[in-house]
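Hi,

I am handing over a structure today, with a short tour of what turned up in it. Could you have a look at it with the notes below open beside you?

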Amino acid sequence: MKNILVTGGAGFIGSAFVRYMIDAYPDYHVVVLDKLTYAGNLDNLLPVRDNPRYRFERADIADRAAVERIVEQHGIDTIVNFAAETHVDRSILQPDAFIYTDVVGVYVLLEMVRQKGVQRLLHVSTDEVYGDIPQGYSVETDPFAPNSPYAASKAGAELMIRAYYQTYGLNVVVTRGSNTFGPYQYPEKLMSLFITEAIDNRPLPLYGDGRQVRDWLYVLDHVTGIDTVLHKGVAGEAYNIAGENERPNIDVVRALLKELGKPESLIRHVADRPGHDRRYAMNCDKLRALGWQRQHSFEEALRETVAWYVQNEWWWRKIKTGEYLEYYKTQYASRLG
Ligand code: NAD
Ligand code: DAU
């Protein structure tokens, strides 16, 4: 592994992976391929911008000719795919981009392994493919039961990967991460939206009763999980990356308000997300057996995350303009009244 193509590397988790890999592996070259959609942001890659082992290519993973050119030009031997449409609420408003990038895009990357000499593909997937888990913990062999267009598009990609492994014997591995939080997260997801809105004393739109449970994973722990599977995962297998840190949304929101010193009166219970999964929870013994261990407690990671958004207003204030405000209006105006 010498020349790694990180697709979607200008997004939240992808950029954390790039910053980490450049530091952790001094002999690896990292090429980021990213379409720079609303969620892609070159500011996320500023810490590595001048590193001679880093390159950036603006392209679409579903554009086969462009991906082929980049693979050939950089002598890519490994692909780690983060590129996706990722926000559940946007998938409910407009599913088409999800099918295009999350399914067709992954097919193009599989073709790079089948036909263009790429030796390994790691695809970053999600716990949402298992659907709602009222009790117990999902294991990797459980059936898929996606409930949103986003989750279905991620499940579709995984089925394609499975088929390519079974049919062509490709060297492919999959990770399924749980709800991830940390610095550089586009401010549309629960943590990054609510922290930045609370800083401005704006109302926090909590869906339904706020008792839905998510399993919170710090972004650096997600990244080391992906690194572990990249280097040690068995071809054809999937690995859960769990935070093992289940919290009802209302508790998460109270914790971040406390950290910010803001009042709970900012919380507004608003109309629920359609098809909203009540709980996700996974078992990650299979990943632990490869030697991975989480390094960050929820409390410490939440403190660091809140502090980062407080100290880096330059990063998120310029996002909260234009397209962002249009989306915010569509999603929240009628909910907040
Ligand atoms: P993000 O939305 O922050 O970033 C997505 C990136 O993909 C952006 O840089 C965007 O420009 C790029 N992209 C989108 N469409 C593209 C295309 N057609 N071609 C090339 N680039 C394109 O996402 P994230 O939260 O960092 O998630 C990264 C991956 O991890 C996704 O595959 C997501 O499904 C998965 N995941 C996310 C979480 C989470 O909680 N955020 C948890 C588990 C898994
Ligand atoms: O579980 C992994 C998934 O986590 C990833 O695959 C997705 O890419 C990522 O977006 C995330 O999906 P969720 O839908 O769980 O995350 P989100 O931050 O959108 O919502 C977390 C919870 O908070 C969920 O129960 C919905 C709720 N919520 C969210 C928003 C944005 C609110 O109550 N109000 C909000 O405004």
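**Around ligand 2**

A good place to begin is Arg273, which has a polar side-chain atom 2.6 Å from an oxygen atom of ligand 2. Please keep in mind as you read that this is a predicted model. Two other side chains come up at this ligand. An N or O atom in the side chain of Tyr332 is 2.7 Å from an oxygen atom of ligand 2, and for the side chain of Asn249 the distance to a ligand oxygen is 2.8 Å.

How much of the accessible area of ligand 2 does the protein cover? On its own the ligand has 680 Å², and 95% of that is covered by the protein. The elements that contribute two or more residues to this shell are helix H3 (88-93), helix H6 (190-199) and strand S8 (204-207).

In total, ligand 2 is surrounded by 25 residues, and the closest are Asp127, Tyr150, Asn179, Arg273 and Tyr332. Sorted by class, the shell consists of ten nonpolar, eight polar and seven charged residues.

**Around ligand 1**

Tyr150 also belongs to the group of closest residues at ligand 1, together with Ile13, Asp34, Thr86 and Lys154. The full shell here counts 29 residues. By class it has twelve nonpolar, 13 polar and four charged residues.

For polar contacts, look at Thr86, which places a polar side-chain atom 2.7 Å from an oxygen atom of ligand 1. Lys154 likewise has a polar side-chain atom 2.7 Å from a ligand oxygen. At Thr101 the partner is a nitrogen atom of ligand 1, 3.0 Å from an N or O atom of the side chain. Taken alone, ligand 1 exposes 840 Å², of which the protein buries 97%.

Which elements supply at least two residues each to this shell? They are helix H1 (12-24), strand S5 (120-126) and helix H5. The biggest contribution, three residues, is from S5.

**Empty space**

The structure holds one cavity of 30 Å³ or more. The largest cavity has a volume of about 60 Å³. Arg273 appears again here, since the residues that line this cavity include Arg273, Pro274, Gly275, His276 and Asp277. Others in the lining are Val88, Glu128, Asn147, Ser148, Ala151, Arg214 and Tyr280. The classes come out as four nonpolar, four polar and four charged residues.

There are open pockets to look at too. The second largest pocket has about 400 Å³ of space. It is lined by 18 residues, and those closest to its centre are Glu140, Arg162, Arg176, Gly236 and Ala238. Helix H5 (149-168) and strand S6 (172-177) are the elements that give two or more residues to this lining. H5 has the largest share, with six residues. As for classes, the lining divides into eight nonpolar, three polar and seven charged residues.

So H5 is worth colouring when you open the model: it supplies at least two residues of the shell around ligand 1 and six residues of the lining of the second largest pocket.

**The whole protein**

Stepping back, the protein has twelve helices and 13 strands. Its radius of gyration is 19 Å, close to the 20 Å that the globule rule gives for 337 residues, so the protein is as compact as a globular protein of that length. Along the principal axes, the C-alpha atoms fill a box of roughly 55 × 45 × 35 Å.

If you would like one starting view, try centring on Tyr150, which is among the closest residues to ligand 1 and also among the closest to ligand 2.

Best wishes

Notes: Residues numbered from 1 in each chain as written. Chains lettered and ligands numbered in written order. Predicted model: local features only at pLDDT ≥ 70, side-chain atom pairs only at ≥ 80, totals over all residues. Heavy atoms only, no water. Near = heavy atom within 4 Å. Polar contact = N/O pair within 3.5 Å; in protein donor to acceptor, adjacent residues only side chain to side chain. Areas by Shrake-Rupley, 256 points an atom, 1.4 Å probe, with all protein chains shown as cover. Helix = DSSP H or I, 4+ residues; strand = E, 2+ residues; numbered from the N terminus. Nonpolar A, V, L, I, M, F, W, Y, C, P; charged D, E, K, R; others polar. 1 Å grid on protein atoms, 1.4 Å probe; cavity = no way out; pocket = protein on both sides within 12 Å on 5 of 7 lines; lining within 4 Å. Points joined across faces, edges and corners; volume = space filled by probe spheres on them. Rg over C-alpha atoms; globule rule 2.2 N^0.38 Å.
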